[in-house]
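Student: Could we go through this structure together? I should like to begin with the sheet and then turn to the chain contact.

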Amino acid sequence: MSDQQMTIHLKVWRQKGPNSKGELVDYTMDDVNPHMSFLEMFDWLNEKLMKQGEEPIEFDHDCREGICGSCNMMINGQAHGPQKATAACQLHMRQFSDGDTIYVEPWRAKAFPIIKDLVVDRSAFDRIVEAGGYVSVNTGGAVDANAQLIPKKEADIAFDYATCIGCGACVAACPNSSASLFTGAKIAQFAHLPQGEPERKERARAMVDQMKEEGFGDCSNFAECEAVCPKEISITAIAEMRREYVKSLFD
Amino acid sequence: MSKFKAALQSQVGRKLITGITGLGLVLFIIVHLLGNLSYFGGPEAINTYSHTLHELGGLLWAARLGLLVFFLFHIYLGISIWLEKRRARPVGYESYNSRGVPSRQSWSARSMIITGVILLVFVVFHLNTFAFHDFQTTVINGVEMHDVHARLTEVFQHEVYTISYVLTMVLLGMHLRHGVWSSFQSLGWMSRNSNPVVYSIAYILGLIIAVGFIGLPVSIYFGLV
């Protein structure tokens with residue numbers, strides 16, 4: 001793999017505050033190392049901007065290993081960029097070519113208001129989880145590992161849904177700005193486990209209602225969410241959410 | 001009861017109703033297509049079919065009423081979902097691209113509102129051309145009945161009607177290509193394994209229905225039948 005430096009033209013959304021008017025600003029980087037991660041390139045750009053006395057670009061990040069769900073960037077019109085099953089922090093510049101122009105925009109949704117530049121407020125997701133995405137039983141000390149037997153298949157399905165990191169890519173990529181994949185995964189992960197059983201009806205109803213309350217759009221089954229999800233969560237989660245919701249109506 | 005009322009207004013309920021009414025309309029379309037195909041059996045076949053249908057009386061009116069209710073709910077929800085989508089993202093992206101498979105964001109999926117509205121306009125004209133038309137009568141086996149065969153033959157001599165009909169049926173096929181698959185997903189009937197199967201079936205069904213409907217006007221226009 002080449003270590004040759006690349007020239008990258010960036011068009012980055014800059015917005016001073018929640019109510020300011022934003023715009024795409026052009027930056028050209030002529031010394032991008034292909035082994036840099038996308039965020040490292042932003043660090044490098046910010047260092048240069050600061051040296052020039054300009055305000056650095058705000059962007060969210062934390063673990064930088066694809067598990068915290070903090071980073072959120074629309075890269076060339078795709079949530080987290082072009083690489084399958086990859087969060088923006090794990091995307092590397094070798095995925096691009098010398099001379100490329102890259103659009104970088106924040107998640108766009110009414111329910112995710114922009115705070116500054118590329119940073120959006122995703123607390124709407126927290127409120128969906130607060131509505132019912134938990135098990136409110138005080139279990140005391142940890143029980144013996146095999147005291148409650150759960151079939152491997154069920155445990156695996158629940159685990160697949162539980163890998164959701166709440167990054168919001170599903171909403172960002174959805175033409176309708178629907179939060180159905182996120183909410184579906186949070187409901188479905190409990191629907192396969194005995195721990196989720198006692199509150200399953202209240203959970204499904206409360207979380208689906210909260211999703212609408214937050215101003216996310218309806219799901220039109222575009223399945224774009226599954227395509228961009230860094231954890232590759234299937235839209236089966238959405239089908240499960242719908243089943244759980246309908247079942248919750250009958251006692 | 002308030003639980004059910006809330007459910008109908010929830011985002012799950014809205015898609016559920018859109019799906020159920022959509023599948024109901026697909027069933028109607030299939031029956032309609034089979035009826036159309038009886039034209040190929042000659043004047044006696046299609047006129048007798050039409051006459052038998054009208055002989056159902058009350059049952060036919062019940063079906064028409066059901067169809068109207070399904071249609072209105074489907075239209076209302078389709079438009080409402082589209083409006084909601086615009087509200088949910090007031091500022092769009094400068095650059096937006098689909099990631100591709102497993103995304104189902106096809107041309108037909110993105111244009112549901114457009115194909116839907118065109119189909120609605122078509123239905124109004126279509127009812128005016130056929131259902132509300134003052135038919136000539138013909139006598140078959142001693143029974144006087146509407147001459148549907150003559151009307152079809154007359155209408156599809158006209159270029160404008162034939163072309164617009166054919167184009168609308170292409171749009172119908174597109175609408176069903178996403179709609180049929182989407183309905184099953186909205187009803188929560190989809191699993192990871194059945195998803196690609198149903199998606200393919202929806203494509204084939206959309207194609208068959210479009211080709212089926214296009215066959216009749218094209219055959220009449222070019223004098224093949």
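Tutor: The following turns treat the sheet of chain A and then the contact with chain B. This is a predicted model, in which local features need pLDDT of at least 70, side-chain atom pairs count only at pLDDT 80 or more, and totals for chains, interfaces and linings use all residues. Residues are numbered from 1 along each chain as its sequence is written, chains are lettered from A and ligands numbered from 1 in the order in which they are written, and side-chain values use heavy atoms, without hydrogens and water.

Student: What is the strand order of the open sheet in chain A?

Tutor: The order is S2-S1-S5-S3-S4, with mixed pairing. Strands are DSSP runs (E, at least two residues; helices are H or I, at least four), numbered from the N terminus, and two strands pair if DSSP finds at least two bridges between them.

Student: Which strands run parallel or antiparallel to S1(A)?

Tutor: S2(A) is antiparallel to S1(A), with 8 bridges, whereas S5(A) is parallel to S1(A), with 4 bridges. Ile8(A) stands opposite Met29(A) in S2(A), and Lys11(A) has Tyr103(A) in S5(A) as its bridge partner.

Student: Now the interface: how many salt bridges are there between chain A and chain B?

Tutor: There is 1 salt bridge (a side-chain nitrogen of Lys or Arg within 4 Å of a carboxyl oxygen of Asp or Glu). Asp218(A) and Arg14(B) form a salt bridge at 2.9 Å, N to O.

Student: Which helix gives the most to the side of chain A that touches chain B?

Tutor: H8(A) does, with 9 residues.
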